[in-house]
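Here are some worked exercises to try with a protein model open beside you. Have a go at each task before you read its solution.

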Amino acid sequence: TDFGLSDFFDVDNDDMITKSCGSIIYTSPECLSGQPYNGRSTDAWSCGVTLYTLLTGRSPWKSQDDESVTEEIFVIN
C-alpha cells in the first residue's frame, strides 16, 4: 500500500474528491474523468478490480500501456 497515492474526504459529508490518485489499472472512470468524484464508489471500483485480479490471476484489462487501459476503462463504464 502506498498512502502517498491517497486523499482524505469527510465521511459524514459526501465531499467530492478532485485529486486523481492511484495506479491506472485500479482507477475508476470517475477518477480518470478529471471531474470531482465520490471517494467511496471509486474505492469500490478499485476493490472490484483487485478481487477480479486475485480470482483470475490476471488484470481485467487486455492492454499494457496506460493510455489503452484508460480507453478500456471508459468502454466498461
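**Exercise 1. Cysteines**

Decide whether Cys31 is buried or exposed in this predicted model, and do the same for Cys47. Then find how many disulfides there are.

*Solution.*
Step 1. Start with Cys31, whose relative accessibility is 3%. Buried means under 20%, so Cys31 counts as buried.
Step 2. Now take Cys47, with a relative accessible area of 52%. The cut-off for exposed is over 50%, so Cys47 is exposed.
Step 3. Recall that a disulfide is a covalent bond between the sulfur atoms of two cysteines. Searching the whole structure for such bonds gives zero disulfides.

**Exercise 2. The plan of the chain**

Work out how many helices and strands the chain has, and in what order the elements run.

*Solution.*
Step 1. Count the elements: the chain holds three helices and two strands.
Step 2. Read them off from the N terminus, and the order is β-α-β-α-α.
Step 3. Add some figures for the whole chain. It has 77 residues, of which 21% are buried. Take the contacts between residues at least 6 apart in sequence: 31% of these join residues at least 24 apart.

**Exercise 3. The faces of a helix**

Describe helix H2 (residues 39-56): which of its residues are buried, and what do they pack against?

*Solution.*
Step 1. Check the span. H2 has 18 residues and covers 26 Å from first C-alpha to last, close to the 26 Å expected at 1.5 Å a residue.
Step 2. List the buried residues of H2: Gly39, Thr42, Ser46 and Val49.
Step 3. Look down the axis of H2. The buried residues fall within an arc of 90°, so they line one face of the helix. A useful reminder here: an α-helix has 3.6 residues a turn, so residues three or four places apart point the same way.
Step 4. Find the partners of that face. The buried residues of H2 pack against strand S1 (16-17), helix H1 (29-32) and strand S2 (37-38).
Step 5. Turn to the face pointing away from the buried side, where the exposed residues Cys47, Leu54 and Leu55 sit.
Step 6. Finish with the two ends. At the start of H2, a side-chain oxygen of Asn38 comes within 2.8 Å of the backbone nitrogen of Arg40. After H2 comes Gly57, with a positive phi near 80°.

**Exercise 4. An aromatic pair**

Find out how many aromatic pairs there are, and describe how the rings of Trp45 and Trp61 are arranged.

*Solution.*
Step 1. The count comes to one aromatic pair.
Step 2. The ring centres of Trp45 and Trp61 are 6.3 Å apart and the planes are at 15°, so the pair is stacked.
Step 3. Place the partners along the chain. Trp45 is in helix H2, while Trp61 is in the loop between H2 and helix H3 (66-76), 16 residues apart, so to speak of this pair is to speak of a link between distant parts of the chain.
Step 4. Check the setting of Trp61: its relative accessible area is 8%, so Trp61 is buried.

**Exercise 5. Across the sequence**

Say where Ser28 is found, and how far apart Phe74 and Ser28 are in sequence and in space.

*Solution.*
Step 1. Ser28 belongs to the loop between S1 and H1, and Phe74 to helix H3.
Step 2. The two are 46 residues apart in sequence, and their C-alpha atoms are 8.6 Å apart in space.
Step 3. Compare the accessibility values: Ser28 is buried at 0%, whereas Phe74 is partly exposed at 41%.
Step 4. Leave aside neighbours within four places in sequence. Ser28 is then in contact with Thr42, Trp45 and Ile73, and Phe74 with Pro29, Leu32 and Ser33.
Step 5. Look at the side chain of Ser28, which makes a polar contact (3.2 Å) with the side chain of Glu30.

**Exercise 6. Contacts of Thr70**

Which residues does Thr70 touch, not counting those up to four places away in sequence?

*Solution.*
Step 1. Locate Thr70 in helix H3.
Step 2. Its relative accessible area is 19%, so Thr70 is buried, given that buried means under 20%.
Step 3. The residues that Thr70 touches are Ile24 and Leu32.

Key
Residues numbered from 1 in each chain as written. Predicted model: local features only at pLDDT ≥ 70, side-chain atom pairs only at ≥ 80, totals over all residues. Heavy atoms only, no water. Helix = DSSP H or I, 4+ residues; strand = E, 2+ residues; numbered from the N terminus. Expected span 1.5 Å × (residues − 1). Buried < 20%, exposed > 50% of the residue type's maximum accessible area, 1.4 Å probe, protein only. Arc of directions from axis to C-beta. Contact = heavy atoms within 4.5 Å. Polar contact = N/O pair within 3.5 Å; in protein donor to acceptor, adjacent residues only side chain to side chain. Phe/Tyr/Trp six-rings, centres within 6.5 Å; stacked < 30°, edge-to-face > 60°. Disulfide = S-S within 2.5 Å.
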